[in-house]
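Colleague: I am new to this structure and would like a close look at a single part. Please take the part around the ligand, and then show how it fits into the rest of the chain.

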Amino acid sequence: MGRFGWKRPVGLFLLGIYGVIQPYWLVMTAVLESPRGGEGMNDKSQQLGLFEGDIVPVVCRLSPASLDDLSRIESESSQAPWSRKFFAYEFENTFSRTYGARVGAQLVGFVVIHVVADEVHIVNLAVDQRLRRRGVARQLVLEVLDDLHCQGAEWVYLEVRVGNQAAISLYEKLGFYRAGLRRKYYSDNGEDAVLMTLKLGELMARRSGEVAA
Ligand SMILES: CC(C)(COP(=O)(O)OP(=O)(O)OC[C@H]1O[C@@H](n2cnc3c(N)ncnc32)[C@H](O)[C@@H]1OP(=O)(O)O)[C@@H](O)C(=O)NCCC(=O)NCCS
């Protein structure tokens with residue numbers, strides 16, 4: 001043992017823990033303590049029709065490096081959560097894309113979509129439960145749909161549990177409409193799914209009108 005004996009490894013261990021926790025803590029406290037109605041609006045968030053104080057995340061396509069974060073958000077968000085393996089499979093699936101919403105280095109939301117020809121199917125979406133009602137899902141979905149529309153996508157479909165009022169409200173706010181009901185769609189509890197759809201050209205025209213007005 002050297003001059004500091006057992007204190008050295010303990011000190012290094014505590015320093016390591018601090019190094020891991022501190023950046024996460026700084027980002028999350030900054031985000032959680034910024035109330036709706038606070039400062040921080042920029043041109044982009046105004047164009048997206050957001051409230052002042054909404055979080056403005058960076059939206060990007062994810063890689064398997066995000067599997068732990070995806071599983072963490074999913075496990076606290078779904079009554080029948082996808083496994084880590086299931087997310088990993090989506091990264092290998094050639095018609096699947098997983099996008100994330102980030103605040104600093106922290107993943108705060110994700111959406112998984114399948115793209116076949118000019119059709120997009122939203123197959124999973126969730127936001128960190130501590131950061132809900134801050135505009136994260138709306139921005140994430142809008143930015144991803146913008147990008148897909150530029151690449152030639154025209155129609156978007158999704159299924160949502162009839163009892164999931166938060167998600168249904170979100171989709172209706174984005175312009176989706178109810179196209180049908182899929183009986184006993186969910187195998188965990190036999191719940192029905194509402195089938196919702198959206199024509200991307202209409203969404204973009206509406207948004208262009210909103211920005212021009
Ligand atoms: C649904 C979900 C993704 C919404 O994420 P979010 O980031 O909180 O949503 P936003 O802040 O962008 O909300 C946009 C709009 O959606 C609607 N909305 C969102 N959450 C709502 C809720 N709990 N109750 C009613 N409306 C809600 C509102 O119209 C809201 O606009 P407003 O806040 O200006 O009123 C989130 O609640 C979640 O992760 N839920 C669990 C997973 C899930 O249900 N996924 C959907 C699978 S189809």
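Modeller: What follows goes from the whole chain to the ligand, then to a loop residue and the core. Keep in mind that this is a predicted model.

The chain has 7 helices and 7 strands. Along the sequence, they come in the order α-α-β-α-α-β-β-β-α-β-α-β-β-α. Of the 213 residues in the chain, 24% are buried. Among contacts with a separation of 6 or more, 58% join residues 24 or more positions apart.

Now the part you asked about. The ligand is surrounded by 20 residues, and the closest are Arg132, Ala137, Ala166, Ser169 and Leu170. Sorted by class, this shell holds 9 nonpolar, 6 polar and 5 charged residues. Three elements, S4, H5 and helix H6 (165-174), each supply at least two residues of the shell. H6 has the largest share, with 6 residues.

Is H6 itself buried or in the open? It lies largely in the open, because the number of buried residues among its 10 is 1. After H6 comes Gly175, which has a positive phi, near 105°.

On the other side of H6 is the loop that joins it to S5, and Val162 has its place there. Val162 has 14 C-beta neighbours inside 10 Å, so it counts as partly exposed; a buried residue would need 20 or more. Leaving aside residues up to four places away in sequence, Val162 touches Glu191, Asp192, Ala193 and Val194. The last of these, Val194, is 32 residues from Val162 in sequence, yet their C-alpha atoms are 5.7 Å apart in space.

H5 and S4, which supply residues to the shell around the ligand, also give two or more residues each to the largest nonpolar core. In soluble globular proteins, nonpolar side chains tend to be buried together. Here the largest nonpolar core has 39 residues, and those with the most contacts inside it are Phe110, Val111, Val136, Leu140 and Val144. The elements that give two or more residues to this core are helix H3 (67-75), strands S2 (96-103), S3 (106-116) and S4 (119-127), helix H5 (136-150), and strands S5 (155-161) and S7 (193-199). H5 gives the most, with 8 residues. As for Val144, its contacts beyond four places in sequence are Val59, Tyr99, Val111 and Ile113.

Notes:
Residues are numbered from 1 along each chain as its sequence is written. This is a predicted model: local features need pLDDT of at least 70, side-chain atom pairs count only at pLDDT 80 or more; totals for chains, interfaces and linings use all residues. A nonpolar core is a set of buried Ala, Val, Leu, Ile, Met, Phe, Trp, Tyr and Cys residues joined through C-beta atoms within 7 Å. A residue is buried if 20 or more other C-beta atoms lie within 10 Å of its own, exposed if 12 or fewer, and partly exposed in between; C-beta atoms are placed from the backbone. Helices (H or I, at least four residues) and strands (E, at least two) are DSSP runs, numbered from the N terminus. Two residues are in contact if their C-beta atoms, placed from the backbone, lie within 7 Å. A residue is near a molecule or strand if its C-beta atom, placed from the backbone, lies within 6 Å of it. Ala, Val, Leu, Ile, Met, Phe, Trp, Tyr, Cys and Pro count as nonpolar, Asp, Glu, Lys and Arg as charged, and the others, Gly among them, as polar.
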